[in-house]
Every structure is written in structure tokens, then in C-alpha cells.
Amino acid sequence: MAKKTYDLLFKLLLIGDSGVGKTCILFRFSDDAFTSTFISTIGIDFKIKTVELRGKKIKLQIWDTAGQERFHTITTSYYRGAMGIMLVYDITNEKSFENIVKWLRNIDEHANEDVEKMILGNKCDMTDKRVVSKERGEAIAREHGIRFKETSAKSNINIESAFCELAEAILDKTAGRESAENPERVVIDRRNNEKAPAYKSCCS
Amino acid sequence: MSIFKARVQEFENTLAKDEIDLKALRQLCSNGVPDVNSLRPLCWKLLLGYLGPKKESWSSTLAKKRSLYRHFIEDLVLPPGLKENGDKDILCDHPLNEGPDSAWNTFFNDNEFLLQIDKDVRRLCPDISFFQQPTEYPCDIVVNSKGERRLHQRVVPSVLKSANVERKGLGVTKINLINKRSEETYKAMDEGQEAHWEVVQRILFLYAKLNPGQGYVQGMNEIVGPIYYVMASDPDPEYREHAEADCFYCFTALMAEIRDFFIKTLDDSEGGIKNMMKRLSEMLKERDLEVYERLKAQELYPQYYSFRWISLILSQEFPLPDVVRIWDSVLADEKRFDFLLYICCAMILIQRDQILQNDFACNVKLLQNYPPLDINIVLTKAASLR
């Protein structure tokens with residue numbers, strides 16, 4: 001059985017310091033679950049989720065990267081193909097916030113010029129350990145003209161809306177071009193064991 | 001005699017000789033070391049060259065190395081502000097002293113990589129509880145230092161306690177203390193005790209201190225993990241007691257062979273990770289052009305999966321007992337990392353039917369989350385590829 005599983009394919013990338021919760025954010029979004037016991041990401045990892053936005057099935061192909069400097073040569077090679085980048089810091093870790101500037105520079109160097117970006121201040125459930133105020137997060141985002149959200153993968157705050165907002169921004173951008181293009185990719189899934197795509201509408 | 005008993009007997013005979021025939025030992029180990037007595041920890045020590053083939057040298061080697069390791073702990077795992085030679089120069093040195101000789105300066109620099117180690121050892125092998133358990137043999141000078149020599153204590157962010165003060169009606173004041181989270185599983189132990197992950201943290205810290213050109217790179221925790229697990233599970237209590245020191249030297253020996261994988265500037269060198277991935281790719285092309293072409297057409301590059309496979313010697317791809325079994329074969333091989341590439345190639349070939357059917361996404365998933373299977377099938381296939 002051949003079926004068209006999506007109308008558009010968006011490639012997203014998660015970057016940020018080690019331990020800020022990139023893998024947990026992705027796991028929450030793709031599997032709607034949380035575990036604090038993830039092994040560290042080495043190199044690059046990958047997840048897929050299909051969402052529906054404005055009547056279009058959009059397949060999000062999300063790449064999760066290792067945070068440590070050593071892996072940058074490996075991970076920056078993925079920047080080029082990304083249409084959206086989530087830049088994550090940890091609100092309980094000052095350093096991870098200071099490094100946002102470094103990550104932005106990385107994006108400038110390696111990603112497409114028109115890549116959509118969003119800054120996420122993760123672990124916002126840990127109020128008793130917060131060291132970076134929401135205002136500071138908002139300020140840096142404003143300064144660079146980037147979207148911003150505070151999230152918690154653990155308490156499931158803003159995760160889905162963050163991805164959907166980023167996807168929508170990309171959709172806005174592609175809308176002009178897309179009418180000419182046919183969705184050129186058709187997937188034949190004979191195994192049929194991929195999880196049924198979540199066609200629920202998000203960002204309501 | 002059962003086949004298993006006969007195998008154990010063969011190991012014991014080989015290990016009973018005054019001078020171990022390493023070639024014979026390699027041969028035996030390549031088919032897996034039986035999980036009895038102290039066979040595996042002893043064989044790994046021999047295969048990694050920590051112990052020499054002459055048995056009479058063992059006790060002095062072990063005594064020497066273990067005592068040296070103890071000195072490393074004494075000299076390098078220090079409370080804040082203490083010089084590496086043990087002096088405390090209170091008059092000239094202070095936390096704001098940025099001079100190169102300042103013990104405080106070293107202390108703060110060390111804490112940078114220590115923080116990374118801390119994050120990683122607390123997520124080592126989360127699917128088994130071993131690393132969260134207390135060790136029977138904690139390091140006395142560390143666990144009885146009132147926390148001063150506990151490495152993770154240095155990188156705990158200090159948090160100001162806060163409370164909500166509520167006033168109701170006629171001046172009745174209620175203070176709601178904010179609850180502390182308590183579900184942390186990789187938690188530190190009380191004075192006098194330490195968990196296995198704390199021991200691993202110390203090993204990695206000392207390795208980084210003693211190999212400053214390399215420092216600590218994520219993934220090293222996954223290399224030290226299986227070695228420590230094997231050493232610390234030795235049924236012989238005398239060996240188990242020194243698992244930390246023995247593991248440190250075995251880890252150092254293994255790292256000497258694979259350190260290029262962990263150094264960014266060597267990525268393009270012959271022993272670097274990119275070259276290894278390229279060799280795997282060429283091997284696949286030679287063995288199965290169809291699969292190779294399929295992955296290539298899907299733009300599914302080897303670095304999507306084999307970067308981790310190779311640099312971590314497959315330690316993240318299989319459950320720990322299987323990893324240990326794979327390492328028996330890899331460590332036993334004279335051309336260790338050639339054999340590792342054969343194993344990686346076998347893993348792809350075993351999934352060929354799937355790969356030829358799947359789309360890009362399913363194939364990345366398949367290779368990044370390799371399905372569970374009898375590990376001997378992979379190893380047999382790998383051996384047949386040579």
C-alpha cells in the first residue's frame with residue numbers, strides 16, 4: 001500500500017550546551033513522555049513527528065545534536081540543511097545562557113541565512129534553582145530578533161507550541177514558493193510499523 | 001564434561017601457566033570469555049597490557065600501580081585552595097588570584113571540565129542500577145573528608161533557599177518552604193560511602209588531569225563504563241577492592257589506542273574518526289553494493305550512525321552484557337579496530353532487507369536504534385567478513 005504521509009517536510013535542528021535538555025525536549029515532543037535518565041548524545045540523533053498546520057500535514061525531521069565543543073565539526077555540517085533551529089539553554093545554568101551568543105555566531109557561520117530560529121529557556125519548572133530570569137531570556141531574543149519561549153520538558157510546558165510556532169514560521173516562508181511545487185516525496189511504507197502520525201492539530 | 005565447562009577449563013589451563021601464551025589467550029577470548037570466576041576481568045587486564053604475560057610480575061605490578069594511583073588521588077583530588085604539593089599558601093593565594101601558580105586558579109579551571117564529567121557520569125547506563133549503587137570499597141580519603149574531596153561537591157550550584165511568606169488575617173504568618181526535589185537517582189552518598197558513579201567520576205577526572213592535551217570529552221564515560229563494570233564485578237574481593245585503580249590503567253591503555261577519535265583536530269588524520277567512517281563505508285561498498293547505493297541515494301551518510309558506533313566501540317548500541325561480549329572479541333583481536341569495523345559492517349548487512357525497503361527516516365531510526373538481537377549472530381557474521 002502506498003500512501004502519501006505528508007505534504008511538506010521541514011528539517012529542524014536542536015542545539016545548545018550539553019545537559020540543557022535537548023534530548024528531553026525532543027523526547028517530550030515526539031513521544032510525549034519524560035525521563036531524566038538519558039544517556040549523553042554523541043554525534044547526532046534523529047526523530048520524526050508529523051503535525052498538522054493549516055490543513056497541511058507537515059513532517060518534522062528533527063536532529064538532536066551533542067552539546068560539547070568536540071562534536072562541532074560533526075554537528076555543524078547539519079546546519080546547512082536545517083530550515084529551523086531551536087537554540088536551548090537551561091534556566092538553572094548561567095553558563096549555558098551566556099553561550100547562547102556563541103551558538104548564534106555558529107548559526108551565522110554555518111546555517112542558511114533565512115533559517116528560522118527560536119531560543120528556548122528550558123527547565124522552567126525548576127523555580128527554586130533558577131538563575132536566569134525570564135526577562136534576560138526575552139531581552140537577548142529581542143536583541144537578535146528571534147522568537148523566545150521558556151519551556152519544561154518535564155512538566156510539558158510550551159514544548160509542543162514551540163515546535164509548532166517554529167514550523168509555522170517556516171510554513172509562512174515557504175507558502176509563497178510552495179504553490180508552484182508539488183509535494184514531490186511519496187513514502188512507501190511497507191513495514192507500516194512507523195507510529196501513526198499524530199494528525200492532531202496543534203497550536204490551537 | 002559440558003562444552004561450557006570444557007571452555008572454562010581451557011581458560012583456566014591457559015591462565016595457569018607461569019608465562020601466559022597471549023596468542024592462545026586471544027584466540028580463546030575472541031569467542032567470548034565465560035562469565036565465571038575472575039576470568040573476564042583478568043583476561044581484559046592481560047589483553048590491554050596492564051598485566052604482562054609473566055605471572056610472577058603480577059603482584060609487584062599491581063602493588064606499584066595501585067599505590068601510584070593512590071598518590072594521584074592524594075595529590076590531585078584536592079579540597080579548594082590546596083596546592084598540588086599539599087601546601088596551603090594562605091597569605092599569597094586566594095580565590096581571586098588569577099596567577100598561573102594559584103591553586104585556586106587551577107581549581108576553577110578543573111571545575112570546568114569536571115562539570116561536564118559530572119553531567120555525563122550521572123547519566124551512565126541509566127537502564128541498569130549498578131552505577132547508582134554504593135561501592136563496597138569507597139576511597140577512604142575521599143569519603144571521610146567531610147565532602148571536601150568529593151568532586152561533585154565542587155560543581156553543585158549553590159542555591160539560596162527561598163520561602164513564601166503568607167500573611168493571613170490578623171498577622172498570622174505562614175511560611176511555606178519550597179519543597180526540594182527528591183527523585184534524583186544518581187544522588188551522592190552520605191559520609192563514609194560513595195556510589196559507583198562517583199568512582200567513575202574520579203577516574204575520568206584524574207585521566208583528564210593527567211592527560212591535559214586531551215582533557216575530558218563526552219563519550220569517554222561510555223568507554224570507562226564497561227571496563228569499570230567488569231572490574232568492580234570481579235568475584236574475587238581482593239581484585240574488587242582495587243577495581244578503581246585497575247580500571248584507571250585499563251582505561252588509559254585503551255584510550256591510548258582510540259584517543260584520536262576524541263580529538264577534534266585529528267578528525268581528518270589516519271587514525272581519526274572520519275577516516276574510520278570512510279573505511280566502513282568502503283567496506284560496505286565492497287561487500288554489498290546494493291545496500292551501499294541505497295543509503296547513498298537516501299543521503300544517509302555514515303556519520304549519522306557510525307560516528308557513535310565507532311567512537312564508543314558500540315557501547316551505546318546494545319545492553320551492557322552484550323557490549324561486554326563484543327568487547328571480549330574486540331579486545332582479543334590483534335587488529336582491534338579493524339575488527340570493530342567488520343562488526344559495524346555486519347550490523348548493516350544483517351539489516352539489508354529492511355534497509356532496501358525502508359525510507360530515509362526508517363533507516364536512520366533503524367541504524368540509530370539498532371534492534372535487539374542475538375549478539376553472536378553479529379559477531380559470527382563479522383568474523384565471516386574478514
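So, a salt bridge here is a side-chain nitrogen of Lys or Arg within 4 Å of a carboxyl oxygen of Asp or Glu. Keep that cut-off in mind, because Asp268(B) and Lys274(B) pair at 3.6 Å, N to O, and therefore make the list. And before I go on: what you're looking at is a predicted model.

Staying with that pair for a second, Asp268(B) is exposed, at 63% relative accessible area, while Lys274(B) is partly exposed, at 32%. Another one in chain B joins Asp35(B) to Arg40(B), with 3.3 Å from N to O. The two ends sit quite differently there: Asp35(B) is exposed at 68%, and Arg40(B) is buried at 10%. Over all chains, the structure has 32 salt bridges.

Okay, let me back up and introduce the chains.

Chain A has 204 residues, and 53% of them are buried. Its secondary structure is six helices and six strands, and if you walk along the sequence you read β-α-β-β-α-β-α-α-β-α-β-α. If you take the contacts between residues at least 6 apart in sequence, 75% of those in chain A join residues at least 24 apart. The exposed area of chain A is about 8900 Å², with 46% of that from carbon and sulfur atoms.

One salt bridge in chain A shows that sort of long-range link: Arg54(A) and Asp172(A), 2.7 Å from N to O. Arg54(A) is in the loop between β2 and β3, Asp172(A) is in helix α6, and the two are 118 residues apart. Asp172(A) is partly exposed, at 47% relative accessibility.

Now have a look at Thr75(A), in helix α2, residues 72–75. Is Thr75(A) buried or exposed? Thr75(A) has 2% relative accessibility and the cut-off for buried is under 20%, so Thr75(A) counts as buried. Setting aside residues up to four places away in sequence, Thr75(A) touches Gly43(A), Thr65(A) and Ala66(A).

On to chain B. That one has 19 helices and two strands, and of its 386 residues, 51% are buried. It exposes about 18500 Å², 51% of which is supplied by carbon and sulfur atoms. For contacts with a separation of 6 or more in chain B, residues 24 or more positions apart account for 71%.

A local example is Arg26(B), in helix α2, residues 22–30. Beyond its neighbours within four places, Arg26(B) is in contact with Leu47(B) and with a group that includes Leu331(B), Asp333(B) and Arg336(B).

Right, the interface. How many residues of chain B are in contact with chain A? The count is 44, against 36 residues of chain A. Together the two chains bury about 3600 Å², with 50% of that on carbon and sulfur atoms. There are 12 residue pairs in polar contact between them. On the chain B side, the elements giving two or more residues are α5, α9, α14, α17 and α18. The largest share is from α18(B), with six residues. By class, that side of chain B has 18 nonpolar, 13 polar and 13 charged residues.

Three salt bridges run between the chains. One of the contacts to click on is Asp267(B) with Arg70(A), at 2.6 Å from N to O. And last, there's a network of salt bridges linking Asp45(A), Arg308(B) and Glu317(B).

That's my tour, happy to go back to any residue.

Methods:
Residues numbered from 1 in each chain as written. Chains lettered and ligands numbered in written order. Predicted model: local features only at pLDDT ≥ 70, side-chain atom pairs only at ≥ 80, totals over all residues. Heavy atoms only, no water. Helix = DSSP H or I, 4+ residues; strand = E, 2+ residues; numbered from the N terminus. Buried < 20%, exposed > 50% of the residue type's maximum accessible area, 1.4 Å probe, protein only. Contact = heavy atoms within 4.5 Å. Areas by Shrake-Rupley, 256 points an atom, 1.4 Å probe, with all protein chains shown as cover. Buried area = accessible area lost by both parts, 1.4 Å probe. Polar contact = N/O pair within 3.5 Å; in protein donor to acceptor, adjacent residues only side chain to side chain. Nonpolar A, V, L, I, M, F, W, Y, C, P; charged D, E, K, R; others polar.
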